[in-house]
Amino acid sequence: MQEKSAVGSKSDTELSSEQFEAAVRKMSGISSAHFLKLVEDRGTIGFWSSDIVTGDCSATLGLLRVLGLDHGAQFRIGDFSRFIHPDDRGYGEDIWTTIRHGIPVNRNFRIIRSDRTVRWVEFKSEVVLDGQQKPSKAIGLIIDVTDQQEGRQALEDALDRYRALVGSLAKMEWRSTADGNPIFSHGWTALTGQNEMDAANSGWIQTIHPDDREMVRRRWQESVSTLIPYAVNHRILLVNGHYEWFHARAVPIIKRGGRTHEWLGIIMRQADLNREVQALPPSMNMLTPVQVRAARAMLQWTLDELSRFSGVSVSSIRRIEGEGDRATRPASLQAIRAAFEEHGIEFAINPAGTVTVAFHSPR
């Protein structure tokens with residue numbers, strides 16, 4: 001059997017210089033225009049190049065299609081900000097200045113095409129240096145990512161609904177590996193004082209009341225071995241040093257393709273399960289954009305802080321503050337309201353029937 005020398009050997013996927021040159025010769029009869037047309041035919045991508053000193057710019061047909069411009073229309077990257085949606089101008093007004101300073105750009109924002117339709121695009125650029133290592137040209141592309149953005153937004157909305165639902169029912173959510181080792185959320189530390197390392201390797205069982213531990217351990221092991229949903233009532237030692245009754249439940253999440261499953265669980269206070277929830281008047285369930293902005297200003301919260309406390313994504317909060325209940329699901333509004341009330345904001349109905357906003361220091 002002939003052996004190959006290990007010295008200088010190449011993997012099956014690595015081309016030698018001779019193979020690369022042969023591949024180039026095979027494509028020598030094909031112009032770059034053929035490849036450009038192949039890439040741009042879907043109408044979702046376009047390319048441009050620009051002289052950094054003069055600002056003179058050339059654009060492909062694909063770029064004109066993305067922007068909704070007629071064939072032969074003049075395009076200058078320095079004037080690109082006029083296409084950017086007013087609400088997203090902050091993401092694009094400095095694009096040309098950034099490029100001229102030799103800094104590459106990679107941003108996502110909305111544009112308003114010449115036909116007045118709104119699309120999401122990804123803007124990417126690179127700077128080419130001259131012989132003196134100074135920026136001389138810029139090249140870039142613009143990709144229509146509206147479909148991907150809508151899919152991402154649908155996923156965020158679904159997560160918002162899920163978090164709002166879980167937040168209204170449970171004190172915390174937790175996961176577990178297939179072999180039964182729980183992966184607790186940050187809510188576990190706030191509830192019990194245990195950090196992640198303390199809870200690992202069955203350390204979490206130490207927070208269970210001594211009289212309940214053996215029962216909890218047995219029931220959990222039975223569920224893990226049989227994949228039967230787990231449901232049990234037990235007492236947990238809280239961070240304040242007192243025990244309180246909780247209801248814990250979990251179900252196995254069977255993944256597709258034969259991948260290892262995991263467990264998803266929640267922990268609910270027994271007192272919350274037994275408490276009767278009085279329905280609020282319809283006008284008290286929903287919040288207007290003005291009320292959300294006012295409450296956030298009273299607490300001096302950023303969008304990120306409201307997102308963290310409510311579990312609602314920043315993009316959804318932006319839409320709520322701009323469009324109100326027409327822009328989101330009631331569950332997200334209720335999650336935001338609950339976050340505000342937990343930190344001292346009170347909503348009340350005045351004699352005129354409108355909801356007022358006030359701040360009172362939480363007890």
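**Exercise 1. Which residues have the most contacts inside the largest nonpolar core, and which elements supply at least two residues each?**

*Solution.*
Step 1: Start with the core itself. In this predicted model, the largest nonpolar core has 24 residues, and the ones with the most contacts inside it are Trp48, Phe75, Phe80, Ile99 and Phe123.
Step 2: Now trace where the residues come from. At least two residues of this core are supplied by each of helix H3 (61–67), helix H5 (95–100), strand S3 (105–112), strand S4 (118–129) and strand S5 (135–144).
Step 3: Pick out the top contributor. That's H3, whose four residues make up the largest share of this core.
Step 4: Don't stop there. Another core lies apart from this one; it has 21 residues, including Trp188, Trp204, Ile208 and Ile267.
As background, nonpolar side chains in soluble globular proteins tend to be buried together.

**Exercise 2. Work out whether Gln194 is buried or exposed, and find the side chain that makes a polar contact with the side chain of Gln194.**

*Solution.*
Step 1: Locate the residue. Gln194 sits in the loop between helix H7 (186–192) and helix H8 (196–199).
Step 2: Check the accessibility. The relative accessible area of Gln194 is 11%, and buried means under 20%, so Gln194 counts as buried.
Step 3: Look for the polar partner. The side chain of Gln194 is joined to that of Trp188 by a polar contact of 3.0 Å.
Step 4: Fill in the surroundings. Setting aside neighbours within four places in sequence, Gln194 is in contact with Trp188, Thr189, Ala199, Gly203, Trp204, Gln206 and Thr207. Two of these names should ring a bell: Trp188 and Trp204 are among the residues of the 21-residue core.

**Exercise 3. Describe the lining of the second largest pocket: which residues lie nearest its centre, and which element gives the most?**

*Solution.*
Step 1: Get the volume, which is about 780 Å³ for the second largest pocket.
Step 2: Turn to the lining. It has 19 residues, and Asp88, Arg110, Trp120, Ser315 and Arg319 lie nearest the centre of the pocket.
Step 3: Sort by element. S3, S4, helix H6 (146–169) and helix H14 (314–323) give two or more residues each. H6 gives the most, with six residues.
Step 4: Sort by class. The lining has nine charged, seven polar and three nonpolar residues.

**Exercise 4. How far apart in space are Ala348 and Ala358, C-alpha to C-alpha?**

*Solution.*
Step 1: Place Ala348, which lies in strand S11 (residues 345–349).
Step 2: Check exposure. Ala348 is partly exposed, at 37% relative accessible area.
Step 3: Read off the separation. Ala348 and Ala358 are 10 residues apart in sequence, and their C-alpha atoms are 8.3 Å apart in space.

Definitions and conventions
Residues are numbered from 1 along each chain as its sequence is written. This is a predicted model: local features need pLDDT of at least 70, side-chain atom pairs count only at pLDDT 80 or more; totals for chains, interfaces and linings use all residues. Side-chain values use heavy atoms; hydrogens and water are left out. A nonpolar core is a set of buried Ala, Val, Leu, Ile, Met, Phe, Trp, Tyr and Cys residues joined through side-chain atoms within 4.5 Å. Buried means under 20% relative accessible area, exposed over 50%, partly exposed in between (1.4 Å probe, protein chains only). A polar contact is a pair of N or O atoms within 3.5 Å; within protein, one must be able to donate a hydrogen and the other to accept it, and residues adjacent in sequence count only if both atoms are side-chain atoms. Contact means heavy atoms within 4.5 Å. On a 1 Å grid over the protein atoms alone, a cavity is a set of points where a 1.4 Å probe fits but cannot get out, and a pocket is an open set with protein on both sides within 12 Å along at least five of seven lines; lining residues have an atom within 4 Å of a point. Grid points are joined across faces, edges and corners, and a volume is the space filled by probe spheres set on the points. Ala, Val, Leu, Ile, Met, Phe, Trp, Tyr, Cys and Pro count as nonpolar, Asp, Glu, Lys and Arg as charged, and the others, Gly among them, as polar.
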